[in-house]
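Dear colleague,

Here is the structure I promised to pass on to you. Please open it beside this message, and then read through the notes below at your own pace.

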Amino acid sequence: MHASRGRSGLGLALVSAFAFGGSGVAAKPLIEAGVDPLHVVWLRVAGAALVMLPVAWRHRGLVSRRPILLLGFGLLAVAGVQAFYFAAISRIPVGVALLVEYLSPALVLGWVRFVQRRPVTRRAAVGVVLAVGGLACVVEVWSGLGFDALGLLLALGAACCQVGYFVLSDQGSSDASPGAEPPNPVGVIAYGLLIGACVLTVVARPWTMDWAALGGSAVMDGTDVPAWLLLAWIVLIATVLAYATGVVSVRLLSPAVAGVVACLEAVVATVLAWVMLGEHLSAPQLIGGAVVLIGSLIAQSATSRRPSGPVASGPGGSRAAGPGTGPAGTDAPLSTGRAAS
């Protein structure tokens, strides 16, 4: 029985990683075809919010019980992370943007150590050093930064939004009474998408978008692809399916396995960008990317603690947990990239 659950969870986690990892690959051709990155983000979030409306109605009690949690997820993990991430991939390769976002666990530890002034373990510090060192290889610091500086800052902004979500969800969950039922993660996702869609509507002003571009085509490594097909992939596969399978998989997998599979998202994104967009990374960048993921995984596992209740897939991501928390009484590692990618 446990073996069957494990296989099912692993399969769903792989589907989730593939779906999340493909979001940037589908979005970048749309952006290069003339659709503003903020408009792509709005289309993704608003479309997914419409699909998730029945789920939001079913869990409408969350609005009165956990408003801070819903706002945190909607503003940071949905609107903030995705806006920064999609803006970043308009200037730098998809794989690089996602690897920069994987600094989130290291940044969380920095918040804990220097802002909250709480000690961190030596293992966590090693993870941070590895992640930062790997990132230096990814952006090729020895050549004066091989990528657009603004693009890197935007990717770092996505990572900072992840940190803000982790911190906010940690504080927002501290008011839960002992023995209270944790918020349903799928419900939190649904309301996060709704809130994110409302915020992005004001920011992106979709009424100014060139809607005709969605009826045309976008170029994917020299091949014309219908724009509507890319948009359907972003909404249905890279958002709705990705979140749904991620939430279910974390309930079936152990925290260690969930953390490893979460890191596959960056690998999937890099490989897909290489194959489908022709974005080639050098050997030092690939090695640096592997070091970033290893450091991120160490930092995640080093910050595991008692759960404060399932939060939401994210943020990146990334499963159905808040900072360091897993479902139904398990300790899970911090996950990144889910809300973004």
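**Polar contacts of a threonine**

The backbone oxygen of Leu241 lies 2.7 Å from a polar atom of the side chain of Thr245, and the same side chain also reaches the backbone oxygen of Ala242, at 3.2 Å. Please keep in mind while reading that this is a predicted model.

Thr245 itself sits in helix α12, which covers residues 227-252. Is Thr245 buried or exposed? Its relative accessibility is 9%, and because buried means under 20% relative accessible area, Thr245 counts as buried. When residues up to four places away in sequence are left aside, Thr245 touches Leu12, Val15 and Ser16.

**Salt bridges**

How many salt bridges does a search of the whole structure find? The search finds 2.

One of them joins the side chains of Glu279 and Lys28, with 2.7 Å from N to O. This pair links distant parts of the chain, since Glu279 belongs to the loop between α13 and α14 (283-302) while Lys28 belongs to helix α2 (residues 23-32), and the two are 251 residues apart. Glu279 is buried, with a relative accessible area of 13%, and Lys28 is buried as well, at 7% relative accessibility.

The other salt bridge is formed by Arg91 and Asp148, whose closest N and O atoms are 3.0 Å apart. Arg91 lies in the loop between α6 (67-89) and α7 (94-101), and Asp148 in the loop between α9 (122-138) and α10 (149-172), so this pair ties together parts that are 57 residues apart in sequence. Arg91 has a relative accessible area of 42% and is therefore partly exposed, and Asp148, with 28%, is partly exposed too.

**A nonpolar patch on the surface**

Finally, please look at the surface, where Leu10, Leu14, Leu264, Val267, Val271, Trp274, Val275, Met276 and Leu286 make a nonpolar patch of about 700 Å². Helices α1 (2-21) and α13 (255-277) each supply at least two residues of this patch, and the largest share, 6 residues, comes from α13. Val275, one of the patch residues, is found in helix α13, and with a relative accessibility of 59% Val275 counts as exposed, because exposed means over 50% relative accessible area.

With best wishes

Terms used
Residues numbered from 1 in each chain as written. Predicted model: local features only at pLDDT ≥ 70, side-chain atom pairs only at ≥ 80, totals over all residues. Heavy atoms only, no water. Helix = DSSP H or I, 4+ residues; strand = E, 2+ residues; numbered from the N terminus. Buried < 20%, exposed > 50% of the residue type's maximum accessible area, 1.4 Å probe, protein only. Polar contact = N/O pair within 3.5 Å; in protein donor to acceptor, adjacent residues only side chain to side chain. Contact = heavy atoms within 4.5 Å. Patch = residues over 30% accessible without salt bridge, like charges linked within 9 Å, V, L, I, M, F, W, Y side chains within 5 Å. Areas by Shrake-Rupley, 256 points an atom, 1.4 Å probe, with all protein chains shown as cover. Salt bridge = Lys/Arg side-chain N within 4 Å of Asp/Glu carboxyl O.
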